[in-house]
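I opened this entry to look up how the chain is packed and what it shows on its surface. My notes follow in the order I made them.

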Amino acid sequence: MSSNWFLIHVFIIVVGIVTVLLNYDLIPDQIPIHYNSSWNVDGYAAKSYSSVFMPTIMQVFLILVFIFENWSIRRVKQQVQPTDPNRSIRQDVAFRRTWSGFMITASFLIVILLSVVQLNMISLLNINFAIPIVLIIIAFIILYALALSFWAGQGGSRLEQSADRSNFRPVHDDDKWLLGMIYFNRKDPNLIVEKRFGVGWGLNFGHPVCWLIFLGIIVLLVVV
């Protein structure tokens, strides 16, 4: 699915930024940042632009991650079954579209969740209203992911049944999988490959860009 859908997420973030700036002077000097099991505040932070915009920073970072995931889904290595190539191609397209839709929906809900948290932090949303929204969003994303995993299967194996199930085998080069789980192939130009086990895709650790990504994440975490 098109990454233009993420423009909706960006619009919500911009609305949140404008809302915070317009109400900044009304925000209490101490901002609630943590609640105990009884949903009573047990942690505060001093009001500052960095503290009130921390959810915004998280939103931007997560959107970039989800955009990259959506881009990866489009460009991941195609797995074709030699016994039934046409079916496997249709299956793969449906699988990618299904999980691309999940990425867009889940990221949208996470942006909403962080907006709710931010509005509660700056006292524009009551905690009794914010908590149910947060819990419902988290539960929905988890159940949505589990349902898709069960419904679609690995590589979309359940989306369209093969006429010859006895010859259906995942297409993987066993010699390139370290410990059976980590794909390492310097000769493979694909950065993203389908997982050997489980649902979804993983990285080719033999691709130099993979290590640049990990280095970038480490640098980002150190900076934050």
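I began with the largest nonpolar core, keeping in mind that the model is predicted. This core has 27 residues, and those touching the most other members are Trp99, Phe102, Ile141 and Trp201. I then checked which helices feed it: H1, H3 (54-75), H4 (85-121) and H5 (127-152) each give at least two residues. H4 gives the largest share, eleven residues.

I picked Ile141 for a closer look. Setting aside neighbours within four places in sequence, I found Ile141 in contact with Phe102, Ala106, Leu109 and Ile110.

I also noted a second, separate core of eight residues, with Val20, Tyr24, Val52 and Met121 among them.

Next I turned to the surface. Which residues form a nonpolar patch there? I listed Leu7, Val10, Val14, Val18 and Leu22, which together have about 470 Å² of accessible area. Leu22 belongs to helix H1, which covers residues 6-22. I recorded Leu22 as exposed because its relative accessibility is 68%, and the cut-off for exposed is over 50%.

Last, I took down the figures for the whole chain. I counted six helices and six strands, in the order α-β-β-α-α-α-α-β-β-β-β-α along the sequence. Of the 224 residues in the chain, 38% are buried. Among contacts between residues at least 6 apart in sequence, 58% join residues at least 24 apart. The chain exposes about 13,400 Å², and I noted that carbon and sulfur atoms supply 69% of that area.

How values were computed: Residues numbered from 1 in each chain as written. Predicted model: local features only at pLDDT ≥ 70, side-chain atom pairs only at ≥ 80, totals over all residues. Heavy atoms only, no water. Patch = residues over 30% accessible without salt bridge, like charges linked within 9 Å, V, L, I, M, F, W, Y side chains within 5 Å. Areas by Shrake-Rupley, 256 points an atom, 1.4 Å probe, with all protein chains shown as cover. Salt bridge = Lys/Arg side-chain N within 4 Å of Asp/Glu carboxyl O. Helix = DSSP H or I, 4+ residues; strand = E, 2+ residues; numbered from the N terminus. Buried < 20%, exposed > 50% of the residue type's maximum accessible area, 1.4 Å probe, protein only. Core = buried A, V, L, I, M, F, W, Y, C linked by side-chain atoms within 4.5 Å. Contact = heavy atoms within 4.5 Å.
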